[in-house]
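User: Could you take a close look at the aromatic pairs in this predicted model? I would like one connected walk through them.

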Amino acid sequence: MLRFLVLLLLLVHCGKAGSSQQMKDANTQGNRKPNIVFILTDDQDILLGSMSVMNKTRHHLGAQGANFVNAFVTSPMCCPSRSSILTGQYVHNHKAYSNIETYCGAPAWRNGPERRNFGAFLQAASYRTAYFGKYLNNYDGSYIPPGWTEWAGLIGNSKYYKYGINHNGQIERHGYDYQRDYLPDLIANDSMAFFKESRRAFPDQPVAMVLSFPSPHGPEDCAPQFAEEMKNNQLHRTPSWNYGPNNDKHWLMQYTPSMTPLQQNFTDAMQRKRLLTMLSVDDAVDKICRDLSAIMELDNTYIIYTSDHGYHLGQFGVIKGKSLPYDFDIRVPFYMRGPAVPKNIEVPNLVLNIDIAPTLLDIAGADIPTYMDGVSIMKLFLPRSNYRIHRKTKKWKYKGQEEWRDSFMVERSRSPDDVERLIQRQLKAAGGSLAEMCGRPEYEPPCSKGQEKYCVRDEVGSWVMRRCGGATYPCKCESQSDGDWKRDKRRRTRRRSSQKGRNRAVKAVNRSRRAFDRDNPISGVPMCWVEGDVVKCSQEVLLQDSVIEAQERLVKAHLRLYRRHIDDLRHIHRYLKKAKGGSNVPYPVSSAARRPEVNGLPERGKECVCEDIETVDEDFEEDSDIPTQGLQAYRRDRRSSTGRRRSRKPKKKSAIKIETGCKASGMSCFYHDSEHWKTPPLWTDEPVCGCTNNQNNSYWCIRTVNETHNLLYCEYVTSFLEYFDMRPSKDPYQLRNAVKRLSSTTKRVLSHQVRFMKVCYGASQCTLNSTGKANAQSEPSVEPQKTEIHEDLGDDDPSSSDADAWTGWEG
C-alpha cells in the first residue's frame with residue numbers, strides 16, 4: 001500500500017513537471033531572450049491625478065509589477081527628455097537643449113547621438129525592433145532613424161487626428177475618422193499586429209517595441225465614447241494651485257499674477273480634456289497585456305510605462321505648461337513588470353529617464369556603453385539578494401552592495417554660447433549706465449513723434465534700448481511727376497528684391513540642382529511626387545544618403561523661392577486692405593502717427609514717407625517667439641469653377657495673438673478660444689490668454705531624496721538661487737524659497753554639486769551617491785560658460801531653524 005502511494009505521488013509530480021516544461025517551451029522557446037514593450041506618454045503628470053483614472057494600467061503594471069514612487073526626468077521639456085530616453089544621457093551630453101529646430105532633430109543630433117539610440121543596440125542584440133507614434137517634436141518624416149526593423153513615426157508634434165506618419169519610408173496621411181485615424185488606437189493595434197506577425201514569422205527572435213502615445217498632450221482630443229465622462233474633476237487643484245504672490249521665486253514666478261476666474265475654469269477644462277485622452281491609453285495597456293497573455297508571451301515580456309515629463313495646470317498661477325524645475329513638472333509615473341520584477345511593490349529608489357536606455361540594454365543582455373549617464377534599473381532586482389520584502393508589511397527595500405543614487409541634476413539650459421550671451425547681458429545691465437539712461441523721460445515708451453529710441457525690460461529683466469518706427473511704404477509725393485514716381489518705384493523694387501534675397505534663392509536653386517545632378521545617378525528625373533495624400537519616391541532615393549540630401553536641398557531651395565513670392569503677395573494684400581475706403585491709405589502725404597499700444601508697449605506700425613529711403617524691417621521684439629504684425633498670414637478669396645466661394649483658411653495663431661494683444665516681450669504666450677478644440681467637450685467660454693514661459697527660465701538644479709533629506713536647489717542663468725526643503729514637516733509643495741536660511745557652507749556644498757554635474761559624463765561621474773558627492777567636492781570642474789554670476793546672500797545665523805536639516809549630510 002505504501003509503495004502504491006509513493007508511486008502515485010511520483011506520477012502526479014512528473015505530470016505537473018511535464019506540463020510546466022511544455023508551457024515554458026511554448027512560452028519562452030527554451031532560452032529565448034525576453035520581449036520588451038516600452039510605453040511612453042506625452043506630458044503626463046503624476047501629482048495632478050492622471051493615474052487615478054487609469055485603473056487597468058494600475059492593475060496590469062502596478063499590482064502585477066513595481067510602482068516607482070520616486071521617478072523623475074532630468075529635463076522637463078519634450079525633445080530634450082525624449083533624447084535623454086533614447087540615448088541614456090543628460091542634456092548637456094546629447095546637446096538637444098530645447099524643442100526648436102536648432103537643437104531638436106538638427107544635423108548634429110542625426111549624425112551623432114541619434115545613431116546611438118537604444119534601438120540600434122537592441123537590433124544588434126538580435127531583437128526585432130519597432131517604433132510606433134511620436135518621435136521628436138521636429139521630426140519631418142524624411143528619414144528613418146537607425147535601429148528600427150519596423151518604423152511608424154509621427155511627423156511633427158503630438159496629434160490625434162489629421163496627421164502624417166512615416167511608415168517604413170512611405171508617408172501616410174490620416175484624417176478625422178475615429179475608426180481609421182485615431183492615433184492612440186492605431187498605435188495599440190499596429191504594435192500588436194507587428195508583435196504577433198514577428199512571433200509567427202521569426203519564432204526564435206525576441207521583440208522590442210516602443211509605443212509612444214500623444215496623450216495627454218494638446219490638442220487633447222479624446223475618443224468619442226469618453227466625451228461625457230470626468231466631469232468636475234479637480235485633482236489638479238493642489239496646495240500650490242493659484243498660490244501667490246511668489247516674489248521669493250525666480251523672475252517668471254514673480255511676473256505671473258494670480259489667475260482670474262476665467263483662467264481657473266480653463267484649468268478645470270484642461271484637466272478634464274487631458275484625463276479623457278488617458279482613457280484610450282488605459283484601454284491600450286489592457287489590450288496589450290491581454291493579447292500577450294493570449295499568445296502566452298506575457299510572462300516572458302518586460303513592460304515599462306512612463307512619461308517624458310510632468311505638467312502643471314495653475315500651479316503658482318501659471319495656467320498650463322511644463323519646463324519648470326518643480327516636482328509637478330519633473331515627477332512622472334513609472335511602472336514596470338517582467339520575469340524578474342516582484343509583484344505589487346512600491347520602490348522608493350530614485351529612477352530617471354536616463355536609466356531607461358541602459359535598463360533595456362541590460363534586459364537584452366547587451367553591454368551598456370560607458371558614455372551613458374544612467375544606470376540599469378535591473379540592478380534593483382538582480383541578483384535576488386539585492387532586495388528584501390518585509391514579511392508582514394510587504395514593504396520592498398533595496399539591499400544591494402552597490403550604493404544607489406540619492407541625488408541627480410535637473411537642467412533646462414541652452415548651448416554654452418547662448419548662456420554666455422545671456423550672462424553678458426546681465427553683467428552689462430548690472431553696470432548701471434544703461435539703467436540710468438533709460439530713466440530719462442525721452443526714452444520712455446510709447447514712442448512719440450520725433451522720438452528715435454525707447455527703453456524696455458527684456459526677458460531677463462534687464463534694460464534694453466530699441467529703435468522707434470516701423471517699416472515704410474513707398475508712396476507718391478506731391479512734388480513728383482508720374483514718370484519720376486514710377487522710376488523710383490522700379491528702383492526701390494529692384495533694391496528690395498536684392499535685399500530680401502530673391503536672387504540668392506534663385507542661385508540656391510541652381511546650385512542645388514547642380515549638386516543634385518552631380519550626386520544623383522539619374523540626373524534630371526523627379527525623385528518624389530504626391531499621389532492623393534501619399535508622398536512616393538523612386539526606389540533610388542533611399543539607396544544612398546547623398547541622393548536623399550541632394551533632393552532635400554533642392555526642395556528647400558524651391559520652398560525659399562516660393563516663400564519670397566508669398567511674402568510679396570502678403571505685402572500687397574496688406575496694402576490693399578488699408579486702401580479700402582480711401583481714408584485709411586497712407587497716400588500721398590507723410591504720416592507719423594503714434595502706433596497703437598499692446599500691453600503698455602508700442603506696437604509695430606507702418607509709415608508712408610516721401611524721402612528716398614530703403615524699406616527696413618525692425619524687430620520690435622528681439623528674441624520673442626511671437627512674430628510681429630508684419631508676418632500676418634496671407635489669405636485671398638478662392639472661387640471654384642461654379643463661382644462658389646471657398647472657406648477661408650483660419651488665421652495663424654501668431655496673427656491671432658497679435659490682434660488680441662496676447663503677447664509680452666520675451667515671453668511665450670498662448671491664446672485659446674472656442675475654435676481651438678475640435679472635438680467634445682468643447683470650450684464655450686471667453687477666450688483665454690496666458691504667458692507661461694520665458695528665456696531666463698534656464699537653470700541647473702540638484703534634487704535629493706533619501707531617508708533624511710528631500711530638497712531642491714537651483715541656480716538660474718540670471719544668478720537667482722532657489723532652495724526648497726520638501727520634507728513632510730517643512731514645505732512639501734515648494735511654496736517658500738528658503739535659500740536665505742541656508743548657511744554659506746551648505747550653499748557652497750550644493751553649488752559644487754551643480755558645477756560638477758553640469759559637466760559630468762558617463763554613469764561613473766553622473767551617479768550622485770555619497771561617493772559621487774565626495775567627488776563633487778574634491779574634483780575640479782570646467783564650466784561650459786566662461787563667466788559665472790553668484791548671488792551674495794550673506795551668511796545666516798547658525799542657529800537657524802533649518803540648521804538641523806543638514807545634520808549627518810555626507811559629502
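Analyst: Searching the whole of this predicted model turns up 35 aromatic pairs. A good one to begin with is Tyr 131 with Trp 148, an edge-to-face pair whose centres are 5.3 Å apart and whose planes meet at 75°. Tyr 131 belongs to strand β4 (residues 128-134), while Trp 148 sits in the loop between β4 and β5 (150-154). The two are 17 residues apart, and their pair links distant parts of the chain. Both Tyr 131 and Trp 148 are buried.

Now for a second pair, Phe 266 with Phe 670. Their ring centres are 5.9 Å apart and their planes lie at 25°, so this pair is stacked; the angle falls under the 30 degrees that stacking requires. Phe 266 comes from helix α10 (residues 261-294) and Phe 670 from strand β24 (residues 667-672), so the contact ties together parts of the sequence 404 residues apart. Here, too, both Phe 266 and Phe 670 are buried.

Back to Tyr 131 and Trp 148, as there is a wider setting to see. Both belong to one aromatic cluster, together with Phe 38, Phe 118, Tyr 135, Tyr 139, Tyr 143 and Trp 151. One of these cluster members, Tyr 143, also has a charged partner: Arg 110 lies over the face of Tyr 143, at 3.5 Å from the ring centre. Another arginine in such a position is Arg 116, which lies over the face of Tyr 371, at 5.1 Å from the ring centre.

Notes. Residues are numbered from 1 along each chain as its sequence is written. This is a predicted model: local features need pLDDT of at least 70, side-chain atom pairs count only at pLDDT 80 or more; totals for chains, interfaces and linings use all residues. Side-chain values use heavy atoms; hydrogens and water are left out. Rings of Phe, Tyr and Trp (its six-membered ring) pair if their centres lie within 6.5 Å; planes under 30 degrees apart count as stacked, over 60 as edge-to-face and the rest as tilted. Helices (H or I, at least four residues) and strands (E, at least two) are DSSP runs, numbered from the N terminus. Buried means under 20% relative accessible area, exposed over 50%, partly exposed in between (1.4 Å probe, protein chains only). A charge sits over a ring if NZ of Lys or CZ of Arg is within 6 Å of the ring centre and within 35 degrees of the ring normal.
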